[in-house]
Amino acid sequence: MRVTLEHLTKKFSDVTAVSDFSATLEHGELISLLGPSGCGKSTILNMLAGILPVTDGKIYFDDEDVTNMPPEKRGIGLVFQNYALYPHMTVLQNICFPLEVQKVPKPQRLERAMEIAKLVHVDTMMKRRPAELSGGQQQRVAIARALVKNPRLLLLDEPLSNLDARLRLEMREEIRRIQQRTGVTTIFVTHDQEEAMSISDRIVLMKLGVLQQNDLPQNLYNEPANQFVADFLGNPPINNLHGVVKNGRFELEDGSASCDFPLCEKAGEGRRVTLALRAESALVGPEGPLACEVRSIYQMGKEEMAYLRFGTSEFRAYISVEDGLKTGQMVNVALRKRGVFLFDTETGERIQ
């Protein structure tokens, strides 16, 4: 099912949680709603589910307007952050419960429950109660309960936040497997960029209730729409050198260093700009526009990371162990085309 959000707005008194949000989420995709806490991700999810009324705008499931449709008629499967399993019920009873509410005959309920339980790998623990399950097992049961009624749309609200790091990795792989097996359109809310990058067909990145970019994961990383997108994605974070365009060159704000950078010609003389570069985009070699001092070097397995000083600014760069760099050494740094951007410092707008 395709989901279309048209100019969606949600206000709580004088606070606007979601502002003029428009996006189309295609059939069968796993889409991550990504952004920092308080950006409106869960608010959008709750409007999709019908839990929160819409202040303005429209929600369509395929061509059907569901903006004012009650939750029980939307065909939604919802998995909460805390799983919300019924503690007095067994795994089987928890999975069967939505079908019981729909008055599906018992033989069909049991058959469907076993089918879904096998899909999510909980079929060997059907007689246990939630207290007897690990966090990952509870998560699987919650997903099974959401899927058992064949939802048109599966909504996952930060489903991995209560799990430890290893289990989070395992469960996000499982969620991806289950989603691909079922083909159900799925919206996954998270503030974790690594989760979103690894699990999603598309990512919708938000800030303060406003859509920043709706794109393929690799496009958000390689072609960020603005400074916020570039800053939010990447580990280590992108390096930001703040400066001004002077005589067609990039010059640090305090005038301590400058270099040739082609996009400065498009920026315009005197414009305050931010030269943003990812750690893997800096190349240490005999030639390069940035004359830098090696401030420190850290071992990172097969690679090393150097902190380089350009004028009074420092930035991170991956280097090869074979480079044999030493602290205090002066080096030239060239910049790859990929992973290097120029932004307007005041607006965050990307300068093309």
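**Exercise 1. Find which residues UniProt lists for "domain: ABC transporter", and describe that span.**

UniProt, in an unreviewed entry, lists residues 3-233 for this feature; its positions are given in the numbering used here, its feature names are shortened, and its annotations may be inferred rather than shown by experiment. Before going on, note that this is a predicted model, where local features need pLDDT of at least 70, side-chain atom pairs count only at pLDDT 80 or more, and totals for chains, interfaces and linings use all residues. Residues are numbered from 1 along each chain as its sequence is written, and side-chain values use heavy atoms, with hydrogens and water left out.

Now the span itself: residues 3-233 are 36% helix and 26% strand, and the end C-alpha atoms lie 25 Å apart. Helices (H or I, at least four residues) and strands (E, at least two) are DSSP runs, numbered from the N terminus.

**Exercise 2. Work out what surrounds R145.**

Start with its place: R145 sits in helix 4 (residues 135-147). Next, its charge partners. R145 is buried yet has no salt bridge, and E100, the nearest side chain of opposite charge, is 11 Å away. Buried means under 20% relative accessible area, with exposed over 50% and partly exposed in between (1.4 Å probe, protein chains only). A salt bridge needs a side-chain nitrogen of Lys or Arg within 4 Å of a carboxyl oxygen of Asp or Glu; for charge, Lys and Arg count as positive and Asp and Glu as negative, while His and the chain ends are not counted.

What does the R145 side chain reach instead? The backbone oxygen of Y83, at 3.1 Å. Finally, leaving aside neighbours within four places in sequence, its contacts (heavy atoms within 4.5 Å) include Y83, A84, N94 and P98.

**Exercise 3. Decide whether E174 is buried or exposed, and find its partner.**

E174 belongs to helix 5 (residues 165-182). Its relative accessibility is 11%, so E174 counts as buried. Then look across: the side chains of E174 and R140 share a polar contact of 2.9 Å. (That term means a pair of N or O atoms within 3.5 Å; within protein, one must be able to donate a hydrogen and the other to accept it, and residues adjacent in sequence count only if both atoms are side-chain atoms.) Beyond its neighbours within four places in sequence, E174 touches H121 and R140.

**Exercise 4. Trace the five-stranded open sheet and pick out its edges.**

The order is 13-12-11-14-20, with antiparallel pairing. Strand 13 (258-259) and strand 20 (340-344) each have a single partner strand, so one side of each is left without a neighbour in the sheet. Further in, strand 11 (residues 239-246) pairs with strand 12 (residues 249-252) over four bridges; pairing takes at least two bridges found by DSSP. Across that pair, G243 stands opposite L252.
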